[in-house]
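Hi everyone, thanks for making time this morning. I'd like to walk you through a model, starting with how far to trust it and then moving on to the contacts.

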Amino acid sequence: MSSSPSLRPPVVRVDALRWLRENLFSGPINTALTLVALYLLWRFVPPVLGWLFFDATWQGSSRADCHPGGACWIFIGQRFGQFLYGFYPAEERWRVNLAALSIILLAVPLFFSRLPQRRRWAIGYFLFTPVLVWWLLYGAGILGLPTVSTDQWGGLMLTLVIAAVGIAGALPLGILLALGRRSQLPAIKIVCITFIEFWRGVPLITVLFMSSVMLPLFLPEQMSIDKLVRALIAVILFEAAYLAEVVRGGLQAIPKGQYEAAHALGLSYWQSMGLVILPQALRLVIPGIVNTFIALFKDTSLVIIIGLADFFTTVHRATVAPEWLGFSTEGYVFAAFVYFLFCFGMSRYSIALEKRLARSEKR
Amino acid sequence: MELMEETLTRLESHKTQEVMILMEHVNKWYHDFHVLKDIDLTVMAGERIVICGPSGSGKSTLIRCINRLEAHQRGRIVVDGIELTEDVKAIDAIRREVGMVFQHFNLFPHLTVLENCTLAPIWVKKMPKKEAEALALQYLQRVRIADQAHKYPGQLSGGQQQRVAIARALCMKPKIMLFDEPTSALDPEMVKEVLDTMIELAAEGMTMLCVTHEMGFARTVADRVIFMDRGEIVEQAPPEEFFLHPKEERTRRFLGQILHH
Ligand SMILES: Nc1ncnc2c1ncn2[C@@H]1O[C@H](COP(=O)(O)OP(=O)(O)OP(=O)(O)O)[C@@H](O)[C@H]1O
Ligand SMILES: [Mg+2]
């Protein structure tokens with residue numbers, strides 16, 4: 001060792017001019033590209049910001065208050081309730097809020113890894129919350145809550161219901177399918193492969209369409225399945241097939257020695273999978289799983305095909321209603337913004353989760 | 001000569017003891033490749049057996065048949081009175097009695113050292129968590145690694161990981177321990193710490209089957225050395241006899257190769 005232990009690493013002085021020269025003006029082509037980029041930014045960013053914020057109308061109560069030249073956010077404000085709840089009756093909307101609140105608040109303990117009863121809480125949460133939320137939203141007359149039929153559900157609330165049920169249903173099913181596809185038992189293997197390949201081979205829009213047009217043909221006349229339930233089942237089955245392949249990728253990356261060690265210790269098949277293999281495999285494929293979740297979230301807008309009015313459809317319908325005709329840009333920009341918030345949120349959460357898991361193993 | 005006598009008395013004492021592992025005419029094929037050819041082997045309780053032989057001779061396959069990581073197709077394997085069949089209950093019962101240590105440790109990287117050790121006692125033996133942790137710490141202490149209990153396997157050296165793997169297997173209180181080249185993936189300076197742990201285990205009277213080419217270990221610990229070649233048990237003898245007066249030509253050739261390295 002030639003360097004003494006007290007020696008510090010050399011401090012690199014960040015020189016702004018040098019950074020510019022090295023990164024943006026390192027040659028004639030780079031210089032030209034930089035100038036073009038600067039010109040484009042100068043040309044487009046100020047007008048967009050102006051339209052979105054500085055020249056936009058924020059206050060008022062009707063389209064008469066909108067100034068020309070900027071966005072008119074009054075439109076969004078006026079229709080906000082409808083965007084959130086669809087045609088859910090106004091006097092019952094507290095139920096949706098309470099459902100959302102309980103989903104969030106009851107989940108808080110899950111984020112404290114030190115909590116001793118965390119596993120039990122998680123099981124309780126995933127069993128109990130769906131029932132509570134279903135009761136709050138649907139009512140069914142139980143404990144005096146009047147029924148709000150699913151025809152009246154809509155807007156962001158409906159989008160979130162489909163996405164949440166889709167994710168919560170598709171992930172476990174996808175995991176089972178992935179395990180089944182690797183099963184030693186030929187019957188199980190063939191069933192899983194057929195299932196996965198079938199659902200991957202048809203577009204979601206076809207699945208939704210078939211669920212509303214074809215399914216009733218096969219069912220006895222008096223038996224009708226709720227439209228929303230049909231959509232939920234379609235989304236779950238469809239996305240589970242994708243997730244199965246993502247999870248299978250993770251399973252294949254786990255070395256054979258892990259299975260052997262688990263078996264040699266006497267763990268059963270399900271114990272080996274649940275305690276040893278899946279925790280490692282799922283960790284490896286978090287990016288792929290979240291990718292599928294994000295796609296699923298955006299795909300929910302396809303339920304318009306069977307006449308459900310999710311968030312996007314609600315916004316779209318508001319832009320073609322006579323009183324706000326001509327404000328479709330505001331509507332679509334707002335819709336894009338909301339979708340982006342949720343998708344970006346999922347993406348950030350998955351990155352944070354990966355970092356936390358990597359840190360805990362310090363590999 | 002004295003050593004010889006000691007070994008003989010040891011073998012003598014086994015006669016009154018129970019048979020731990022019985023293999024009769026065991027045959028195994030990988031597709032049409034005959035890996036194990038008519039293996040006959042009896043292991044008494046407390047016996048220490050070292051298995052050696054050239055690469056590909058079927059050593060790993062042999063010991064992996066004992067806890068059913070591989071299935072044999074012909075013959076009989078009886079472990080601690082339980083016959084290995086397709087019956088899942090029998091397989092589970094045998095795996096509870098048999099601990100295994102692998103060449104590449106196969107620790108669970110997502111669990112801490114302590115969790116690696118408590119996993120099977122908690123889930124297979126339904127032991128309360130507190131009790132399992134106390135037990136695990138006791139065994140980790142014995143392999144001198146208790147201070148690392150809350151680290152993850154990836155943070156330990158190879159020798160430390162292999163000692164954790166031994167402790168993990170011991171936590172199930174097995175009657176038999178199988179070792180498949182436990183030191184051959186280790187850097188030379190770590191081999192000794194693992195061998196020392198195994199020697200201690202042998203001194204406590206554990207029934208051990210160990211695939212290894214550590215001939216020093218075989219000399220000090222083994223009751224019997226088994227030489228395998230091309231799926232057959234070619235020769236078996238107490239270590240002195242095995243190393244000094246091998247009977248078979250194949251054994252001599254193998255020993256010549258391995259001892260002159
Ligand atoms: N899953 C398998 N499928 C087909 N052939 C296999 C399989 N596992 C092992 N073999 C073959 O069986 C033979 C015996 O393998 P085994 O691993 O038991 O040898 P070994 O004596 O432990 O060798 P080594 O010293 O290299 O570990 C080898 O020729 C190997 O190629
Ligand atoms: Mg081997």
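So, to begin: for residues 1–5 of chain B, how many contacts beyond four places in sequence does the model have? There are three, and pLDDT stays under 50 over that stretch. Please keep in mind that this is a predicted model. A second stretch of chain B, residues 11–16, also stays under 50 in pLDDT, and there the model has seven contacts beyond four places in sequence. Taken over its whole length, chain B averages a pLDDT of 91, with 93% of the residues scoring at least 70. As for the model's overall scores, ipTM is 0.90 and pTM is 0.87.

Now let's look at where the two chains meet. Chain B brings 24 residues to the contact, and chain A brings 22 residues. People often describe the size of an interface by the accessible area that is lost when the parts come together. Here the area buried between chain B and chain A is about 2000 Å², and carbon and sulfur atoms give 62% of that.

What about charges across the interface? The count between chain B and chain A is one salt bridge. In that salt bridge, the side chain of E260(A) meets the side chain of R64(B), at 2.7 Å from N to O. There are also six residue pairs in polar contact across the interface, with both partners at pLDDT 80 or more.

Which elements of chain B give two or more residues to the side that touches chain A? They are α3 (88–97), β6 (98–101), α4 (113–123) and α6 (158–170). The largest share, three residues, comes from α4(B). By type, that side of chain B divides into 14 nonpolar residues, five polar and five charged.

Let's stay with α4(B) for a moment, as it is mostly covered: eight of its 11 residues are buried. Among them are V113(B), L114(B), C117(B) and L119(B). And what does the covering? It includes α12 (269–284) of chain A, along with α5 (129–142) and α6 of chain B.

Next, the salt bridges more broadly; the structure holds 27 over all chains. In chain A, R181(A), E197(A), R200(A), E245(A) and R248(A) are linked in a network of them. Take R200(A), which forms a salt bridge with E197(A), with the closest N and O atoms 3.3 Å apart. These two sit three residues apart in helix α7 of chain A, so about one helical turn separates them. R200(A) is partly exposed at 33% relative accessibility, and E197(A) is partly exposed too, at 35%.

R200(A) also meets the side chain of E245(A) in a salt bridge, at 4.0 Å from N to O. That pair links distant parts of the chain, with E245(A) in helix α10 (residues 227–252) and R200(A) in helix α7, 45 residues apart. E245(A) counts as buried, because its relative accessibility is 17% and the cut-off for buried is under 20%.

Over in chain B, K192(B) forms a salt bridge with D196(B), and their closest N and O atoms are 2.8 Å apart. They are four residues apart in helix α7 (residues 188–203) of chain B, so about one helical turn lies between them. K192(B) is exposed at 56% relative accessibility, while D196(B) is partly exposed at 27%.

That's my tour, and I'm happy to take questions!

Definitions and conventions:
Residues are numbered from 1 along each chain as its sequence is written. Chains are lettered from A and ligands numbered from 1 in the order in which they are written. Side-chain values use heavy atoms; hydrogens and water are left out. pLDDT is the predictor's confidence in each residue, from 0 to 100. Contact means heavy atoms within 4.5 Å. Buried area is the accessible area (1.4 Å probe) that two parts lose on being put together, summed over both. A polar contact is a pair of N or O atoms within 3.5 Å; within protein, one must be able to donate a hydrogen and the other to accept it, and residues adjacent in sequence count only if both atoms are side-chain atoms. Ala, Val, Leu, Ile, Met, Phe, Trp, Tyr, Cys and Pro count as nonpolar, Asp, Glu, Lys and Arg as charged, and the others, Gly among them, as polar. Buried means under 20% relative accessible area, exposed over 50%, partly exposed in between (1.4 Å probe, protein chains only).
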